[in-house]
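This report describes the fold, the surface and the nonpolar interior of one protein chain. Please look at the sequence and the structure before reading on.

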Amino acid sequence: MAPRPRKTPRRFGAYAAIEALNVVLMPGVAWFFAPPASRVEWAAMLGATAASALFLIIGTVYWRALARRLVRGDRHSLDLALALADRAERPGLALVALATVATGAAFALEGASRSAIAAALLTVLAALEYANYYHRQLQHFDNRADLKRLLTGAGLKRAHMARDLAAFRQRRARSPGEHRAGARR
């Protein structure tokens with residue numbers, strides 16, 4: 001009989017489900033309440049949607065793979081998720097930059113329209129998701145220890161994925177052929 005999962009893997013599974021829901025929910029709400037009316041608004045909304053969706057998808061894949069790693073010992077899934085996160089970092093940042101420019105153009109040409117504001121919010125979401133996964137953990141309200149750490153002035157801790165990604169990059173640098181996405185262990 002397999003050992004019963006601890007709360008941590010279940011929490012990570014819940015994170016994956018929430019991020020997956022947000023991939024559709026956040027842009028869906030933005031598009032429903034703020035449909036673009038001009039080409040520049042379309043460009044801003046498309047860019048912002050792509051940027052936010054990319055980082056939410058990366059979060060979904062990472063949390064699911066981390067839960068599988070902890071429950072089943074499935075390192076391969078986690079390595080695949082980290083390879084995806086590694087490859088998507090620069091294109092994701094480029095999407096955030098393009099969304100920022102397109103959103104700025106929407107504000108400049110259309111004013112503070114609903115679509116320009118929605119695009120700005122999605123772009124900020126994308127930037128925050130990037131920071132939350134690749135640098136510092138921004139979410140502290142769901143874990144008592146993390147909240148206590150934040151409230152005592154200890155600051156933001158390094159993100160889970162940032163730590164795992166750094167270790168993945170080190171392993172890959174030591175043995176590049178062994179840690180290709182798709183390589184089995």
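A residue is called buried here when its relative accessible area is under 20%, with a 1.4 Å probe and protein chains only. By that criterion, buried residues make up 42% of the 185 residues in the protein. The model is a predicted one, and the values that follow should be read with that in mind.

**Fold and surface**

The protein contains 6 helices and 0 strands, and along the sequence it reads α-α-α-α-α-α. Of the contacts in the protein with a separation of 6 or more, 69% are between residues 24 or more positions apart. The protein exposes about 10,600 Å², of which 63% is supplied by carbon and sulfur atoms.

**Nonpolar cores**

The largest nonpolar core has 25 residues, and those with the most contacts inside it are F55, I58, Y62, W63, L82, Y134 and M161. At least two residues of this core come from each of the helices in the table.

| Helix | Residue range |
|---|---|
| α1 | residues 7–33 |
| α2 | residues 39–72 |
| α3 | residues 75–110 |
| α4 | residues 114–134 |
| α6 | residues 160–174 |

The largest share of this core, 8 residues, is supplied by α2. Which residues does I58 contact, leaving aside its neighbours within four places in sequence? I58 is in contact with A85, A88, Y134 and M161; among these, Y134 and M161 also belong to the residues with the most contacts inside the largest core.

A second core, separate from the one above, has 13 residues, including A30, A102, A106 and A118.

Methods: Residues numbered from 1 in each chain as written. Predicted model: local features only at pLDDT ≥ 70, side-chain atom pairs only at ≥ 80, totals over all residues. Heavy atoms only, no water. Helix = DSSP H or I, 4+ residues; strand = E, 2+ residues; numbered from the N terminus. Buried < 20%, exposed > 50% of the residue type's maximum accessible area, 1.4 Å probe, protein only. Contact = heavy atoms within 4.5 Å. Areas by Shrake-Rupley, 256 points an atom, 1.4 Å probe, with all protein chains shown as cover. Core = buried A, V, L, I, M, F, W, Y, C linked by side-chain atoms within 4.5 Å.
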